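Trainee: I would be grateful for a close look at the second largest pocket, with the terms explained for a first-year student. Please set the cavities and the nonpolar cores beside it afterwards.

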Amino acid sequence: MYFQYEWVAQYLENAPTLDRMMDILNATGLETERKGDGLEIEHTINRPDAMSHYGVAREIAVKNGSPLREPKLFGGDIAALEGWTISSDDPAMCPQYMGLLVENVKAEPSPQWLVDRLTAIEQTSHNFLVDLTNFLLWEFGHPSHAFDADKLAGNQLRVRFAEKGETLTTLDGNDHKAEGYLCIADAERPVAFAGVMGGANSEVDENTTRLLLELAAFDPVQVRYTGRDKQIHSDARHRFERGIDRENMDRIIRRFLHLLLEQQPDARVIGLLDMNVAPFERKSLVLRRQRLDQLLGISLPDEQVMELLQRMAFRPEKIDQGWRVLPPGYKVDVTREVDVIEELIRFAGFDLLTSELPAMGGSSYRPQPLLVGERLCRGVLVGMGLQQAVSFSFAPEDAEALFAAGGEPMRVRNPMNIKQAVMRRNILPTLLACVATNAKRGLRRQQLFEIGHVFDGGREPHHLAMVLGFDRDRASWFEGDQQHPFYHIKGFVEALAERLGLALTFRSDVPAWLQQGEAVSIYLGERLIGGMGCVSSKIVKFYEFDQPLVVAELSLDFLADHDLPLPNVTELSDQPAMRQDMAFVVDRHHEVGAIQQHILGLNPEFLELLELFDVYEGKPLEKGKKSVGFRFHFRAKERTLVSEEVAKVMETVVESVRKTFGAVIRI
Amino acid sequence: MDLSTWNYEASLADFNQRLAEVSDADLEALRLEYLGKKNGLCTQLVTALRNAPRELKPKLGKDINLFKKHIEQSFKARKPAKSAQKAHGIDLTLPGVRPDLGSVHPLSMTLDAMLDYFSRLGYDVADGPEIENNFYNFEALNTPASHPARDDADTFYIEDPSGDLLLRTQTSGTQIRYMETHQPPFRMVAPGKVFRRDDDPTHSPMFHQLEGLVVGEGIHFGHLKGSLEDFARHMFGEKANIRLRPSYFPFTEPSAEVDVSCVFCEEGCRICGYTTWIEILGCGMVDPNVFKAVGYDPEKVTGFAWGIGIERVAMLKYAIPDIRYLYQNDRRFLDQFKVG
Ligand SMILES: [Zn+2]
């Protein structure tokens, strides 16, 4: 909000310079920047009192302890207005409504001083009568409205909610359905949205000679609802929804008359009707010395507190506990003791505060297994060369649906664009979008992972997703990479499982987003926690991937009640190990995992480690056969094994594998 | 060959010197001199050993064996140096075969630095849901329905029959949940994603926050100031200063904005807008209404709370020009965080 320096300065004795003014306002909490010959102030919501030139000047006066120069007012008598009625259906919606009727006025061009003031703050001059109301808004921060009294039917104004079928064309030319919104109505129809904008039907124009000035107080919430629903962002709404100064209303009427009569001495003041169904009363608050010190941690001297309270016109009275105060009408946000304390320290300055660390017993930190586990996962994955990614929690609906097993995602009611329409139930929909963008930029080789919340009904499981994108064109890829990409993602998952002490099992039936035969479901015990492998061809097409790509997505919620393994060291044998290699030729449909499990299931004596060292198909093997090579490591704890012992064990193993898998030993 | 004059140490030293000095052209000759099958020194030594006095044999045998092994190893080690220049050798200037370096996302790096500091000071760390309801995001935080901060313009709402669900606009809801299940005194921080309807080079509809809360008897504004000062020095260096300006948040009173002295300049620069100060977080003393909402007695306990935007700090720290870089996961961007 922009304020003219000269205009603010006119209310101050010994006005500070513009730069000094800026510093003072910043120190009191009005975020101010210098802009040309004025001040650009960004008000917090609680500061309607400073949304006017007088209000800004008052802030400076309080901070500096200097007096204000009050604007000139009309000093004559104002008669009570006869023959009109003003009413409010609900005193809470409109506690006070002042209607001032003046005749023989002219909607002529404004005098130069007024045009200059309004132009300086980027307001357009319309005619003298309308400009005056605008000037008052920018002088005191209280919106007023000028009706052409001849356009009001039945000499009456009533503040009520508009009824079914009623409409209003506002001054900006827009038509609105008015039903259910707080309006000012004459005897026949709504003539204004209360506190938001006047109606075109009662507008002041060049023929206007009788003016009815509205100066009222409206319920901030109703003003906000009307403005929000009708999308009207008026200066009036901005102030009414934050609160206005009920104590200043008489003065504004007199200020209006002063300025009007100065310009148009022939105007006839007919009278004022002050409907005041809930008169404003200052609320008495007690500020306790003990509470003041408790919150601030310093003890402001009595005299300083008293001085500041007086400057703010709080009418302080010293009592045993501290002070009794009556905050003025312009302090709309001061309704509690703590608000008074805030006002005091705001003007006293935060520099007075001490700077110390709280002394607080023992640690509050209680490691949460899920958070600790997630950070461990991240460390392991980064250590293995993966890069951490962060993508949006919301996703496009079509992409998100590709990864879900039916059901509905949670939808955002008011998304900024359709790419953010639903809440993701998996991380991959958004992570793969990033992967696809990278690929289109020629960055195909990617090793990404993301850990974050996903949204499943009312629950928010924590997930981990991984993506490995390959670039087969890359000239200098090293040898290991000739493996099927599935083995790479599996390797990462297996390594992670080892680190976390998880006994994962993998099953070949997979959800639709994974490619049957090139992917597995991941189980922890009997609990399905995710899947990994190649994505379905539908997804490949959706993201237009033209590169080998494997993914994994798993829920990490099990970490919440999973005990991370504690290393438990076993005695190390000094005895030499014996190694024996053995290659079995079997039909190719036999899974290596099954053979390996079978051998381990035999629990061969002295076997310390079983390594898979080779899987081979092709010449000189028969077609449809494959050779599976294992390296057996044997060791006895207390003594050196002799080869006969090992041979005996191997014999049993070979015999069993031969029987179960029809294996032949390859020599 | 006379073994009585042969000495292991001297002979080895002699060999080492000759190997060091020999040119690649003469290397093979040297090898033959020592390892030649017929007349090489090693062969001669082994032959001579047979005739050595019986009592000297074990020691001499061991020495000769070691000597031979050393020479063999030495030639093996020397070989690549010679053959690197040959067609069949390797090029030592080629890049090594190395495992990939992973990288931590800059937002995590920034958040970790903060969490490490606070957990060392004994702050608890709490996680909360990103989809909140009106009570936890607003009402318990002294932001009633009539408050302008509740406008649709800022908040994302979730389609649901109750109309009560929304994407949290701050992590403060986690603090309310924490207070409902913990009793003072405590200190805690709540990190996480938050959402506001904003999208430009410095604002993202999703961003990250860390909020802190300290509650106990005797907690006052000076503790807030001191705590933030110490934190600022941890994050921005020992020379960092902070400045408090009065502000407004519905859930704290008094409230303040906190500026940190610009780490990039001493007399003003583009980043600090030529003010030498950078606005970094918001804070205040917990509003008594917030304590009432969770059943604490605001007369007995007091507390302070603050919130900081992780993106803003990360962007300052790593000179990130556009907030959107942080969520696009462009590999060229992520690769820059392999260092440090
Ligand atoms: Zn700077």
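**The second largest pocket and the interior spaces**

Mentor: The second largest pocket holds about 1600 Å³ of space. On a 1 Å grid over the protein atoms alone, a pocket is an open set of points with protein on both sides within 12 Å along at least five of seven lines, whereas a cavity is a set of points where a 1.4 Å probe fits but cannot get out; lining residues have an atom within 4 Å of a point. Grid points are joined across faces, edges and corners, and a volume is the space filled by probe spheres set on the points. The model is predicted: local features need pLDDT of at least 70, side-chain atom pairs count only at pLDDT 80 or more, and totals for chains, interfaces and linings use all residues. Residues are numbered from 1 along each chain as its sequence is written, chains are lettered from A and ligands numbered from 1 in the order in which they are written, and side-chain values use heavy atoms, with hydrogens and water left out.

The pocket has 31 lining residues, and nearest its centre are Phe486(A), Tyr487(A), Lys490(A), Val592(A) and Gly593(A). Two or more residues each come from helices H15 (485-500) and H17 (592-601) and from strands S23 (504-507), S24 (514-524) and S28 (607-616), of chain A. H15(A) supplies the largest share, seven residues. Helices (H or I, at least four residues) and strands (E, at least two) are DSSP runs, numbered from the N terminus. The lining comprises 15 nonpolar, nine polar and seven charged residues. Here Ala, Val, Leu, Ile, Met, Phe, Trp, Tyr, Cys and Pro count as nonpolar, Asp, Glu, Lys and Arg as charged, and the others, Gly among them, as polar.

Turning to the cavities, the whole structure has five of 30 Å³ or more. The largest has a volume of about 140 Å³. Among its 15 lining residues, Asp49(A), Arg58(A), Phe140(A), Asp245(A) and Tyr330(A) are the closest to its centre. Its lining divides into six nonpolar, five polar and four charged residues. The second largest cavity holds about 60 Å³, and H11(A) gives the most to its lining, with three residues.

H11(A) also belongs to the account of the largest nonpolar core. That core has 113 residues, and Leu309(A), Leu432(A), Leu210(B) and Trp306(B) have the most contacts inside it. Its largest share, seven residues, comes from H11(A). A nonpolar core is a set of buried (under 20% relative accessible area, 1.4 Å probe, protein chains only) Ala, Val, Leu, Ile, Met, Phe, Trp, Tyr and Cys residues joined through side-chain atoms within 4.5 Å.

Note on methods
Buried means under 20% relative accessible area, exposed over 50%, partly exposed in between (1.4 Å probe, protein chains only).
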